[in-house]
Every structure is written in structure tokens, then in C-alpha cells.
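Me: Could you walk me through one strand of this model in detail, and then follow its neighbours outward? I'd like a connected picture I can follow on the screen.

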Amino acid sequence: MASGDHYFSPAPESELNLRPFTVRLAGTTYELVTANGIFSPERVDAGTRVLLDHVPAAPPGGQLLDLGCGWGPVALTLALESPHATVWAVDVNTRALDIVRRNAQKLGLINVNPVTPENVPDDVRFTTIWSNPPIRVGKNELHNILEQWLPRLEPGSDAWLVVQRNLGSDSLHRWMQATFPDLTTTRAATAKGYRVLRARSHA
């Protein structure tokens with residue numbers, strides 16, 4: 001990355017360097033493309049792998065959200081597993097969204113919408129949210145992000161968040177319990193130094 005680039009930079013300044021890589025998603029190995037200036041460009045990062053290993057099967061239909069999608073391992077998995085659902089791949093990093101778009105095309109997936117947050121219509125409600133949220137943006141910004149999206153769960157639906165234990169998963173758990181009285185937040189799994197938090201919207 002260029003010196004000023006972070007994976008949460010809206011528009012990385014470094015030159016786009018597309019390259020192929022091989023990755024296993026939804027039980028199958030695929031040849032996809034990746035680039036510099038995005039989060040974990042060469043692989044499915046450990047947190048996302050823990051999330052994918054511990055979430056239940058995705059809902060077969062409805063509106064599904066990958067919040068902080070990066071190059072798209074979660075969004076592409078949702079789209080592969082639920083071809084009749086609409087998958088929203090949301091990130092502030094426009095380069096990451098471009099990579100998601102390219103990879104969805106390579107996989108023949110027509111049900112993925114890679115968009116910046118402001119391009120999700122306000123009336124869309126989600127039947128699930130899967131997220132490896134951008135912890136390193138800072139606590140206040142992370143809280144703002146979750147306050148924007150978690151209330152958009154359909155009644156009786158779940159959000160699944162993976163957070164590294166030593167980056168504040170337990171304090172985030174307590175904050176979610178205090179902030180979202182309409183959600184029941186529990187620790188669903190612990191693996192490899194990560195917690196998977198489940199927030200269930202009351203029916």
C-alpha cells in the first residue's frame with residue numbers, strides 16, 4: 001500500500017495491481033483476482049475464516065449483508081450458498097468493491113451488489129448480516145457503523161460478527177447488549193483468538 005493507504009481508505013492512491021489467486025469458498029476452490037490497497041488481499045484472513053466456519057447456513061432468500069466486505073470472501077460465500085437471495089457487499093473502499101464485482105462476474109454470480117454504504121436504499125432490511133467489522137477504524141467509528149446497520153435486521157433474524165479477543169470483543173459484546181435492547185447478543189463461538197458474536201433481532 002502507499003504510505004497513506006489503509007484498507008478502510010475510500011480510494012487507495014496506490015496503483016492498481018491486479019493479480020490472480022486461488023481461494024476455497026463454500027467448499028470449492030476458485031481462481032479469483034485480488035489487488036493491493038485492500039484488506040488481506042492474498043487470502044481469507046483468520047477472522048473471516050473463523051466466521052465462515054461458525055455461522056449456520058445462510059438464509060435461502062431475502063436481503064443478505066456483508067458489512068465491511070473487503071475483496072468479498074463473505075459476500076461471495078453468501079451468494080454461492082444462497083443464489084436466490086440478494087447479497088449486499090458493503091465497504092467504503094471502492095477498490096475492494098471493484099474486486100468484489102470482478103470476482104462475482106468470474107463466478108457467474110448475478111446476485112451480488114457491491115456498494116458503498118450510502119448506496120444501500122434506506123428501506124432495505126436484512127435477513128442476516130455477516131461481518132468481520134473494521135475494528136481498527138477505532139471504537140467510536142465502529143460503534144457508529146453498528147448503530148447504522150444492526151437495527152436494519154428483519155425481526156427474528158441474526159447478525160454474526162467476528163472480533164479478535166485482544167482487540168476488544170468482550171467490551172464490544174457488553175456495549176452491544178447495552179445499546180441494542182431489541183437484540184439479544186450472545187457469544188456463539190470462540191476459536192483461534194476470535195469471538196463470534198450473534199445478535200438476534202426479537203421477532
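Reply: Strand β3, residues 63-67, pairs with β6 in the parallel sense, over four bridges. To find this pairing on your screen, go to L67, whose bridge partner in β6 is S131. Please keep in mind that this is a predicted model.

β6 has a second neighbour, β7: these two strands run parallel and are joined by five bridges. A good landmark here is W130, which has W160 of β7 as its bridge partner. Is β6 enclosed or open to the outside? Five of its six residues are buried, so the strand is largely enclosed by the rest of the structure. As background for reading any strand, side chains in a regular one alternate between the two faces of the sheet.

Just before β6 comes a loop that is worth a stop. P117 sits in this loop, between β5 (112-115) and β6 (126-131). Is P117 buried or exposed? The cut-off for buried is under 20% relative accessible area, and P117 counts as buried because its value is 19%. Leaving aside residues up to four places away in sequence, P117 touches V90, D91, V92, Q148 and W149. There is also a link back to β3 in terms of distance: the C-alpha atoms of P117 and L67 are separated by 8.9 Å, although their positions lie 50 residues apart along the chain.

Now move on from β7, which spans residues 153-164 and pairs with β9 in the antiparallel sense over seven bridges. In that pairing, D158 stands opposite R200 of β9. β9 itself, residues 194-201, is mostly covered, with six of its eight residues buried. Its other partner here is β8 (residues 183-191), which runs antiparallel to β9 and is joined to it by eight bridges. R187 marks this pairing, as its bridge partner in β9 is L197.

β8 and β9 form a hairpin with two residues between them. What stands out in the turn is K192, which has a positive phi of about 55° although it is not a glycine. K192 counts as exposed because its relative accessibility is 70%. A second residue with this kind of backbone angle is A26, again not a glycine, with a positive phi of about 50°. A26 lies in the loop between β1 (19-25) and β2 (28-34), and its relative accessible area of 40% makes it partly exposed.

L197 leads us to a helix. S169 belongs to helix α5, residues 169-179, and it touches L197 as well as V163, Q164 and R195, not counting residues up to four places away in sequence. With a relative accessible area of 0%, S169 is buried. Its side chain also makes a polar contact of 3.5 Å with the side chain of D170.

Another helix, α1 (residues 46-54), brings us back to β6. The buried residues of α1 are G47, T48, V50, L51 and L52. What covers them includes β6, β7, β8 and β9, along with α2 (73-81). At the start of α1, a side-chain oxygen of D45 comes to within 3.2 Å of the backbone nitrogen of G47.

D45 and T48 turn up again when you look for empty space inside. Rolling a probe the size of a water molecule over the atoms shows where such space is left. How many cavities of 30 Å³ or more does a search of the whole structure find? There is one, and the largest cavity holds about 90 Å³ of space. Its lining consists of F39, D45, T48, D66, G68, C69, G70, W71, P73, V74 and N132. By type, these lining residues divide into five nonpolar, four polar and two charged.

If you would like a short route to retrace, start at the L67 and S131 bridge, cross to W160 by way of W130, continue to D158 and R200, and finish at R187 and L197.

Definitions and conventions: Residues are numbered from 1 along each chain as its sequence is written. This is a predicted model: local features need pLDDT of at least 70, side-chain atom pairs count only at pLDDT 80 or more; totals for chains, interfaces and linings use all residues. Side-chain values use heavy atoms; hydrogens and water are left out. Buried means under 20% relative accessible area, exposed over 50%, partly exposed in between (1.4 Å probe, protein chains only). Two strands pair if DSSP finds at least two bridges between them. A polar contact is a pair of N or O atoms within 3.5 Å; within protein, one must be able to donate a hydrogen and the other to accept it, and residues adjacent in sequence count only if both atoms are side-chain atoms. Contact means heavy atoms within 4.5 Å. On a 1 Å grid over the protein atoms alone, a cavity is a set of points where a 1.4 Å probe fits but cannot get out, and a pocket is an open set with protein on both sides within 12 Å along at least five of seven lines; lining residues have an atom within 4 Å of a point. Grid points are joined across faces, edges and corners, and a volume is the space filled by probe spheres set on the points. Ala, Val, Leu, Ile, Met, Phe, Trp, Tyr, Cys and Pro count as nonpolar, Asp, Glu, Lys and Arg as charged, and the others, Gly among them, as polar.
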